[in-house]
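Work through the exercises below with the sequence and the 3D structure in view. Each task is followed by a solution in steps.

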Amino acid sequence: MKVEWHNLLEAHMNKNTSCFLKASGSPATYETLIEQVKNDSVHLRNTVPFDSISSFINSSEFSLNCVQITFIASSISTDGVRIIFPLNAHSTKKETREEERFSFKNDEQIKVRILNPYDKKTLLEKPVIDLSSSGVSFKTSPNSKLFEEGQFFESITIVTGENQDKAFSGTVKYNRKYLDLKGNLVSHVGIKLTSKVKDTSK
């Protein structure tokens with residue numbers, strides 16, 4: 001495995017930020033955490049329910065998305081506790097980043113504050129999953145109809161806890177549903193911003 005990818009995965013593990021695991025034989029996407037990084041594999045927390053693990057493991061293709069890159073493999077294994085995702089000549093890597101992104105945990109208090117475009121009064125605040133200079137993503141309820149793909153927001157503010165960035169406008173680029181670490185169905189929403197976002201990682 002390339003040193004760059006190894007370092008990226010170790011950074012995710014050390015910061016305890018989420019990755020997302022999907023299999024061709026399963027309709028669900030699962031949030032997971034990296035528990036160990038080896039030269040030829042990454043060991044993941046098993047968040048796949050017991051009654052779904054058999055069809056999941058027996059799928060023909062698997063993907064592991066860790067914000068900036070997606071790894072794809074034709075098979076995975078388990079040690080009885082964790083899922084072992086191979087990172088070798090038989091797995092491929094697809095870089096998904098356009099610009100460098102910064103990932104955050106819920107306890108880091110990085111929020112996105114969005115003005116409801118319908119009543120022009122209500123402010124919706126959501127925990128940020130990751131942030132780049134041109135976009136932001138966050139968790140929200142899967143039942144919300146507000147964050148459909150293509151929805152435009154005229155006022156979006158990134159709140160860091162210490163400083164508050166200026167408001168931007170933006171459009172929903174994707175809305176993907178997944179099962180979180182507790183098994184709850186949530187939506188992962190990505191918004192493309194029309195203005196640059198300041199680097200809040202410093």
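**Exercise 1: Ala-28 and its surroundings**

At 17% relative accessibility, Ala-28 counts as buried, where buried means under 20% relative accessible area, exposed over 50% and partly exposed in between (1.4 Å probe, protein chains only). The model is predicted, so local features need pLDDT of at least 70 and side-chain atom pairs count only at pLDDT 80 or more, while totals for chains, interfaces and linings use all residues. Residues are numbered from 1 along each chain as its sequence is written, and side-chain values use heavy atoms, with hydrogens and water left out.

Task: State where Ala-28 lies and which residues it touches, not counting residues up to four places away in sequence.

Solution.
- Step 1. Ala-28 is in the loop between strand 1 and strand 2. Helices (H or I, at least four residues) and strands (E, at least two) are DSSP runs, numbered from the N terminus.
- Step 2. A contact is defined by heavy atoms within 4.5 Å. Leaving out residues up to four places away in sequence, Ala-28 touches Leu-21, Lys-22 and Leu-179.
- Step 3. Leu-179 is 151 residues from Ala-28 along the chain, and the C-alpha atoms of the two are separated by 7.1 Å.

**Exercise 2: The whole chain**

Task: Describe the chain by its helices and strands, its buried share, its contacts and its accessible surface.

Solution.
- Step 1. There are 2 helices and 16 strands in the chain.
- Step 2. Of the 202 residues in the chain, 47% are buried.
- Step 3. Take the contacts with a separation of 6 or more: 55% of them are between residues 24 or more positions apart.
- Step 4. The chain has an accessible surface of about 10700 Å², and carbon and sulfur atoms hold 48% of this surface. Accessible areas come from the Shrake-Rupley method with a 1.4 Å probe, and for residues only the protein chains shown count as cover.

**Exercise 3: The nonpolar cores**

Task: Find the residues with the most contacts inside the largest nonpolar core, and the elements that give two or more residues to this core.

Solution.
- Step 1. A nonpolar core is a set of buried Ala, Val, Leu, Ile, Met, Phe, Trp, Tyr and Cys residues joined through side-chain atoms within 4.5 Å. In soluble globular proteins, nonpolar side chains tend to be buried together.
- Step 2. The largest such core has 25 residues, and Phe-56, Leu-64 and Phe-85 have the most contacts inside it.
- Step 3. Two or more residues come from each of helix 1 (3-15), strand 1 (19-23), strand 3 (34-37), strand 4 (41-45), helix 2 (53-57), strand 5 (62-65), strand 6 (69-73) and strand 8 (82-86).
- Step 4. A second, separate core has 18 residues, among them Leu-131, Ile-156, Phe-168 and Val-172.
- Step 5. Leaving aside neighbours within four places in sequence, the contacts of Phe-56 include Leu-21, Tyr-30, Phe-62, Ile-76 and Ile-83.

**Exercise 4: The disulfide**

Task: Which cysteines does the disulfide join, and which parts of the chain does the pair tie together?

Solution.
- Step 1. A disulfide is a pair of cysteine sulfur atoms within 2.5 Å. A search of the whole structure finds 1 disulfide.
- Step 2. Cys-19 is joined to Cys-66, with S to S at 2.2 Å.
- Step 3. The link of Cys-19 and Cys-66 is right-handed, with 115 degrees about the S-S bond.
- Step 4. Because Cys-19 lies in strand 1 and Cys-66 in the loop between strand 5 and strand 6, the pair ties together parts that are 47 residues apart in sequence.
- Step 5. Cys-19 is buried at 0% relative accessibility, and Cys-66 is buried with a relative accessible area of 0%.

**Exercise 5: Salt bridges**

Task: How many salt bridges does the structure hold, and where do Lys-139 and Glu-31 lie?

Solution.
- Step 1. A salt bridge is a side-chain nitrogen of Lys or Arg within 4 Å of a carboxyl oxygen of Asp or Glu. The structure holds 5 salt bridges.
- Step 2. One of them is between the side chains of Lys-139 and Glu-31 (3.8 Å, N to O). Lys-139 is in strand 13 (residues 135-140) and Glu-31 in strand 2 (residues 29-32), 108 residues apart.
- Step 3. Lys-139 is partly exposed at 21% relative accessibility, whereas Glu-31 is buried at 3%.
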